[in-house]
Amino acid sequence: MYATTFLLAVREIRRHLLRSFLTILGIVIGVWAVVTMVTLGNGATAAVKQQISSLGSNVLQVRPGQGFGRGGGGPQPPDFKIEDLDAIRGQLVGVTAVAPLVQSTGAAVYNAANWSTTINGTNREYFVAQPWTFTGGRMFSPAEEQAGKAVCIIGSTVRNRLFRGADPVGKRFRIKNISCEIIGTLAAKGQGGFGNDQDDIVLMPYKAVQRRMTGNRDVRTIMVSVDDAYDSQAIQASLRKLLRERRHLTSEPEDDFNIFDTKQISDTLSGTTQILTSLLGAVAAVSLLVGGIGIMNIMLVSVTERTREIGIRLAIGAVAREVLLQFLVEAVTLSCLGGLLGLLLALISTMVLAPVLQVPFIFDPKINLLAFFFSALIGVVFGYFPARRAASLNPIEALRHE
Amino acid sequence: MASDIALGETLISLRGVTKVFGEGPTAFSALKGVDIDIARGDFVAVMGPSGSGKSTTMNILGCLDVPTDGQFLFRGHHVERLERDQRALLRRRYLGFVFQGFNLLARTTALENVELPLVYRGEDKARRHKLAMAALDKVGLADWWDHTPAELSGGQQQRVAIARAIVTHPDVLLADEPTGNLDTERSIEIMELLTDLNRNSGITVLMVTHEAEMAAFAHTIIHFRDGLVERTEVKDAPGVGS
């Protein structure tokens, strides 16, 4: 009986191809909109997460000053010393790496090529905290780090500007008027989470930068990499306590430094895009609902139009349930067809749009299934009322209907 | 007319059947106490002017409607006590309908139209096809099975409708003005077909008509007037009605 009913429904749909298509157009657009929005939104969330993770996952960055937008007045709080790093390493548990960042800017020159870039002085542990990949060469040796030797590891932007296609490893170039040997090259990371070029960088042992560029023993930024097994909030708290002691702030109410937790930022930003995705999905879902009303509208018209046919079926001996089922199956078949068509369109449009919007294309079977089942549900809900009306027709009056 | 009709036991019996439409001051009594007995194998024509109650009687006999009062016995069932769906099952099992306006499904082939009652009987596809082709063959339209009603003449459409009515081998064929939309020649062909089904397939035929010429094919003629049976003619004796 169910197979036959389905067959009758398909026959009826085929008989009114254009009308059937127009009927399901609302569902098609609804499913299309929902799936496209959510898929692109998920892609955007993934893109944000990926950009943030290029800053290093679970890394605490410590800087002097009171954080974003504050600490305008008063004297500049002092930078950190390399002894602070030793103390952190020695006294905190759950810390996998502690790296200094001594920053400077200057021109990098090789033959006639000239490029202004950022110089970061750091240590070997920096490569634990930051997800860099080497395309060639190596990091500093412990001896080079200890001695503060003039060795450089260059980012892909610097490499492209100065060396074009040539392999720079082993060559010497001048950076801020120091001759420096290139020992390694880094793979491109692309744009950072804040629109900066992360590859426009030269890495050197921090002692080399302190001695020959900044001219002091200060460390501007400390990067602390936290073991995933430990609670980063707790470690943040002990880090704060330790630094307050070392900076003699025990009697002061406020810190003169700030701790920037990349994980927290990552969670916040991806949370925001996820909320936006849900919001867009919800707006699109409204159009799906409107599509359902479209189906009900046409099905009601169809019941009126086919009153005589219903009369014939009833006279022949169809029971009310069979007529109900026929119209219900027709509505559900229609809306499922609409759902499938919408999914297909969504697949095509997200595959086309994702590269244009520079977000990764992520096929999410969950939202596809959900949208499909929702469209089927709409068929049931909005098909039921017209089907009930058809089933409750009086056969005599239905047969007399013109 | 030949009177070689073989009548069996009483198949249908109406006792004191009344039908009132509407309520209160606008109420209208269509039937005012009708008694009819129809034997198995009979060919009955129901005649009468419009508003005489013949259509209402046919609707009740076709289990499409129930009497307001009185009894309707069909194969031992008190039809007046049955629910809507139970009456539908009676129609499905024992009745076939032919209408004045043919009432075939549009844009549907003759074969699919004839198959329709079998769909509701739950027959499988192969059996549906076989039975429907046999029925079409019986009405002489086996070669036209893949034509839609729009491609068939009125007479042919009515034959398809008859094939649809007899495909389930019903006990009773109810025909409501089956020749009302056809010219005389076509009408006589249809009447000959109905007579053949009555004589040779043992189907009891109940037909409403207002044409005496068509009623003459029947064995029993029931005349209605003002919601009552006026008189019943039985062409038992040779020569009656011819």
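Two residues are in contact if their C-beta atoms, placed from the backbone, lie within 7 Å. This is a predicted model, in which local features need pLDDT of at least 70, side-chain atom pairs count only at pLDDT 80 or more, and totals for chains, interfaces and linings use all residues. Residues are numbered from 1 along each chain as its sequence is written, while chains are lettered from A and ligands numbered from 1 in the order in which they are written.

**Exercise 1.** Place W115(A) in its surroundings: find its strand, its contacts beyond four places in sequence and its exposure class.

*Solution.*
1. Start with the strand: W115(A) belongs to strand 3 of chain A, residues 113–122. Strands here are DSSP runs of E with at least two residues, and helices are runs of H or I with at least four, numbered from the N terminus.
2. Next, skip neighbours within four places in sequence; the contacts of W115(A) are then A107(A), A108(A), V158(A), R161(A) and L162(A).
3. Now count C-beta atoms: 18 others lie within 10 Å, so W115(A) is partly exposed. The class sits between buried (20 or more) and exposed (12 or fewer), with C-beta atoms placed from the backbone.

**Exercise 2.** Compare the radius of gyration of chain B with the globule rule.

*Solution.*
1. Take the radius over C-alpha atoms, and the rule as 2.2 Å times the number of residues to the power 0.38.
2. For 242 residues, a compact globule would have a radius near 18 Å; chain B has 18 Å, so the two agree.
3. To round off the picture, the C-alpha trace of chain B spans about 50 × 45 × 35 Å along its principal axes, and 47% of the residues of chain B count as buried.
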